[in-house]
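Here is a short briefing to read alongside the model on your screen. It begins with a pair of helices, then turns to the nonpolar cores and a few single residues.

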Amino acid sequence: MDTATHDPIFAGLNTEQKQAVENIAGPSFILAGAGSGKTRALTHRIAYMIHGGIQPWQILAVTFTNKAAAEMKDRIKNLLKITEGVEGVELGQGRLPVMGTFHSVCCRILRRDIEKLGRDRKFVIYDSDDQEKLMKQVMRQLNIDEKELKPRAALGYVSRFKSEALSPKEASVQATTARMQLVIRAYERYNAMLKEANALDFDDLILETVRLFHEVPEVLERYQETWRYLHVDEYQDTNHAQYLFISLLAQKYRNLCVIGDPDQSIYGFTGADPAHLQA
């Protein structure tokens with residue numbers, strides 16, 4: 001494609017940013033520091049792809065906040081001078097790609113396909129207050145004294161295990177102390193009670209999607225065929241479960257563009273691993 005014919009998409013971009021925009025086939029790693037315009041390069045890249053004829057519904061962009069996703073949509077609309085159309089995987093009629101957080105994208109998938117895991121698609125999503133109430137019930141049922149293990153501490157361990165994509169059985173190898181044995185028991189019971197309530201917590205949204213992709217290959221293939229061009233902003237903040245989700249989607253076509261700065265990781269408490277930038 002002749003970049004001279006694609007202004008304003010290339011307006012204001014430096015040589016490195018233009019290269020990032022034009023390199024749309026295969027894996028791309030854009031490593032850049034804060035304030036270097038890496039998110040700008042991502043939005044211009046997506047606009048370039050749509051302007052060049054790639055269908056918007058074939059593009060997925062994942063961010064870490066709803067605000068970032070909204071800003072990205074606005075930038076792309078301004079670049080293409082379009083009005084927002086119907087967005088969605090099923091209709092495939094959107095003038096804009098699907099853009100959202102890991103959690104919102106995974107929730108979209110589970111609302112459509114979680115029944116293939118034997119779960120009800122009308123599941124509820126527990127927030128932090130709901131989770132704490134549930135963990136308190138768990139600890140009462142297991143006769144765990146809060147002096148030995150506080151509910152919030154137990155939830156912290158559970159979130160870490162889920163971000164590492166570890167089931168209670170897989171996490172049990174870490175139960176080398178009496179306290180950790182309590183944690184594993186609480187984790188197992190907490191998961192069971194979530195299921196009984198037809199509920200998922202935020203970590204489950206990603207973990208259950210990964211499980212769905214593993215256990216129902218035809219679902220994975222459908223989304224691989226739908227989202228052939230993948231983009232992840234702030235990739236240094238991905239945890240292992242998020243890394244697995246993106247890796248599975250990218251397996252078939254390998255059109256994955258990740259943007260990040262290993263020196264700017266801000267979500268360490270969620271199990272983020274900047275080493276994914278070198279994976």
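In this predicted model, helices α5 and α8 lie oblique to each other. Their packing angle is about 120°, which falls outside the 65 to 115 degrees that count as roughly perpendicular and is not over 145, the cut-off for roughly antiparallel, so the pair is called oblique.

**The α5 and α8 pair**
- Helix α5 covers residues 128-141 and helix α8 covers residues 178-196, and their axes are 9 Å apart.
- The two helices cross with a right-handed sense.
- On the α5 side, the residues in contact are Gln131, Leu134, Met135, Gln137, Val138 and Gln141.
- Their partners in α8 are Ala186, Arg189, Tyr190, Met193 and Leu194.
- Sorted by class, this contact has 7 nonpolar, 3 polar and 1 charged residues.

**Glu132, also in α5**
- Is Glu132, a residue of helix α5, buried or exposed? Its relative accessibility is 17%, and because buried means under 20%, Glu132 counts as buried.
- Beyond its neighbours up to four places away in sequence, Glu132 touches Pro151, Arg152 and Leu155.

**Nonpolar cores**
- The largest nonpolar core has 34 residues.
- Leu60, Ile109, Phe213, Trp227, Phe245 and Leu249 have the most contacts inside that core.
- Helices giving two or more residues to this core are α4 (102-113), α9 (202-215), α10 (217-226) and α11 (240-250).
- Strands β2 (59-63), β6 (229-232) and β7 (256-260) also give two or more residues each.
- A second, separate core has 26 residues, among them Leu13, Leu42, Ala47 and Ile76.

**Val232, in strand β6**
- Val232 sits in strand β6 and is buried, with a relative accessible area of 0%.
- Which residues does Val232 touch, not counting those up to four places away in sequence? They are Val62, Phe102, Thr238, Ile246, Leu256, Cys257, Val258 and Ile259.
- Val232 and Gly260 are 28 residues apart along the chain, and their C-alpha atoms are separated by 8.5 Å.

**Glu234, in the loop that follows**
- Glu234 lies in the loop between β6 and α11.
- With 25% relative accessibility, Glu234 counts as partly exposed.
- Setting aside neighbours within four places in sequence, Glu234 is in contact with Lys38, Phe64 and Ile259.
- The C-alpha atoms of Glu234 and Leu31 are separated by 9.9 Å, although these residues are 203 residues apart along the chain.

Note on methods. Residues numbered from 1 in each chain as written. Predicted model: local features only at pLDDT ≥ 70, side-chain atom pairs only at ≥ 80, totals over all residues. Heavy atoms only, no water. Axes fitted to C-alpha atoms, helices over the stretch in contact; angles between N-to-C directions. Helix = DSSP H or I, 4+ residues; strand = E, 2+ residues; numbered from the N terminus. Parallel < 35°, antiparallel > 145°, perpendicular 65-115°, else oblique. Left-handed = near helix turned anticlockwise from the far one by under 90°. Contact = heavy atoms within 4.5 Å. Nonpolar A, V, L, I, M, F, W, Y, C, P; charged D, E, K, R; others polar. Core = buried A, V, L, I, M, F, W, Y, C linked by side-chain atoms within 4.5 Å. Buried < 20%, exposed > 50% of the residue type's maximum accessible area, 1.4 Å probe, protein only.
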